[in-house]
Amino acid sequence: MDMKRRIHLELRNQTPAAVRELVLDNCKSNDGKIEGLTDEFVNLEFLSLINVNLIAVSNLPKLPKLKKLELSENRIMGGLDMLAEKLPNLTHLNLSGNKLKDISTLKPLKKLDCLKSLDLFNCEVTNLNDYRESVFKLLPQLTYLDGYDRDDREAPDSDAEVDGVDEEEEDEEGEDEEDEEDEDGEEEDFDEEEDEDEDEDIEGEEDEDEVSGEEEEFGHDGEVDEDEEDEDDDEDEGEDEEDSGKGEKRKRETDDEGEDD
């Protein structure tokens with residue numbers, strides 16, 4: 001598949017300005033040049049052109065936001081002068097497996113002020129004496145060469161895989177998680193408040209039930225007391241009548257004795 005058609009397929013109905021990553025590995029480039037890639041890809045941050053038979057990058061369009069460029073397994077021998085002009089914010093450049101033979105071919109990379117990582121695996125230049133020292137001296141802005149710094153410390157994954165897209169996506173994911181946590185916290189607080197309100201309602205109902213029960217019990221006791229008082233009154237009246245009857249009987253007996261005398 002040629003490069004133009006591959007770019008068309010990779011767009012997937014998007015506009016070039018909406019694309020942030022573009023992978024064109026293993027497609028064919030006519031005459032060893034980049035084709036179909038235009039300066040309309042203004043927001044492109046990652047471009048991969050692995051094994052596309054490139055000889056030169058001279059017709060690379062201006063991509064002001066590009067941070068990572070993969071050019072490994074091609075036939076590039078030099079002509080890197082245009083990179084600084086076209087890719088001012090480039091931080092990672094992979095030229096592994098190309099035809100670079102001399103340190104001098106890397107001199108144009110000095111103008112890439114943001115360049116942090118450079119890979120030259122399987123290039124003839126890596127066979128030169130003092131290769132690493134010479135490259136770090138030529139490119140003082142460089143932090144990692146072939147995955148290691150000046151002190152042979154390996155680049156962390158974040159640097160080995162750097163591209164602005166990944167960093168921004170991680171930040172966005174972190175913000176989303178924080179928002180979700182905040183929402184979950186608010187929901188929990190709301191649920192707790194609801195539970196507290198329900199508990200208060202239940203306690204209030206229980207208190208009302210207790211008060212009502214006491215009032216009913218009190219009212220029932222009052223009725224019982226009144227009945228008992230009525231019974232006591234009846235007993236007192238009966239005793240009074242008995243006492244009155246006994247008094248009259250004694251009076252009659254006394255009168256009868258008087259008559260006998």
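The legends below accompany several close-up views of one predicted model.

Residues are numbered from 1 along each chain as its sequence is written, and side-chain values use heavy atoms, with hydrogens and water left out. In this predicted model, local features need pLDDT of at least 70 and side-chain atom pairs count only at pLDDT 80 or more, whereas totals for chains, interfaces and linings use all residues.

**View 1. The whole chain is built from 5 helices and 6 strands.** Helices (H or I, at least four residues) and strands (E, at least two) are DSSP runs, numbered from the N terminus. Followed along the sequence, these elements give the pattern α-β-β-β-α-β-β-α-β-α-α. Of the 261 residues in the chain, 31% are buried, where buried means under 20% relative accessible area, exposed means over 50%, and partly exposed lies in between (1.4 Å probe, protein chains only). Contacts are heavy atoms within 4.5 Å, and among those between residues at least 6 apart in sequence, 52% join residues at least 24 apart.

**View 2. Helix 1 has a buried side and, on the other side, exposed residues.** The buried residues of helix 1 are Met3, Arg6, Ile7 and Leu11. They cover an arc of only 140 degrees around the axis, and therefore sit on the same side of helix 1; the arc is that of the directions from the helix axis to the C-beta atoms. Arg5 and His8, on the other side of helix 1, are exposed. Strand 1 is included in what covers the buried residues of helix 1.

**View 3. Arginine 6 and glutamate 10 meet through their side chains in a salt bridge, with a distance of 3.2 Å from N to O.** A salt bridge is a side-chain nitrogen of Lys or Arg within 4 Å of a carboxyl oxygen of Asp or Glu, and a search of the whole structure finds 7 of them. Because arginine 6 and glutamate 10 are 4 residues apart in helix 1, about one helical turn separates them. Arginine 6 is buried, at 17% relative accessible area, whereas glutamate 10 is partly exposed, at 22%. A network of salt bridges links Arg6, Glu10 and Arg12.

**View 4. Arginine 20 and glutamate 45 form a salt bridge between their side chains (3.9 Å, N to O).** This pair links distant parts of the chain, 25 residues apart, with arginine 20 in the loop between helix 1 and strand 1 (21-23) and glutamate 45 in the loop between strand 1 and strand 2 (46-48). Arginine 20 is partly exposed, with a relative accessible area of 26%, while glutamate 45 is buried, with 7%.

**View 5. Helix 3 (residues 131-138) turns one face of buried residues towards its covering elements.** In helix 3, Tyr131, Val135, Phe136 and Leu138 are buried. Seen down the axis of helix 3, these residues fall within an arc of 165 degrees, so they line one face of the helix. Glu133 and Lys137 are exposed on the other side of helix 3. Among what covers the buried residues of helix 3 are strand 5 (117-119) and strand 6 (144-145). Arginine 132, also in helix 3, meets aspartate 152 in a salt bridge (3.8 Å, N to O). Aspartate 152 lies in the loop between strand 6 and helix 4 (157-160), 20 residues apart from arginine 132, and is exposed at 54% relative accessibility.

**View 6. Aspartate 119 is buried yet has no salt bridge.** This residue is found in strand 5. The nearest side chain of opposite charge, that of lysine 68, is 7.2 Å away; Lys and Arg count as positive and Asp and Glu as negative, while His and the chain ends are not counted. Leaving aside residues up to four places away in sequence, aspartate 119 touches Leu93, Asn94, Leu95, Ser96, Asp146 and Gly147.

**View 7. The largest nonpolar core has 45 residues.** A nonpolar core is a set of buried Ala, Val, Leu, Ile, Met, Phe, Trp, Tyr and Cys residues joined through side-chain atoms within 4.5 Å. The residues with the most contacts inside this core are Leu47, Leu83, Leu93, Leu109, Leu118 and Leu120. Helix 1 (3-11), helix 2 (82-86) and helix 3 are the elements that give two or more residues to this core, and helix 3 gives the most, with 4 residues. Not counting residues up to four places away in sequence, leucine 47 touches Leu22, Leu24, Leu37, Leu60, Leu63, Leu66, Lys68, Leu69 and Glu70.
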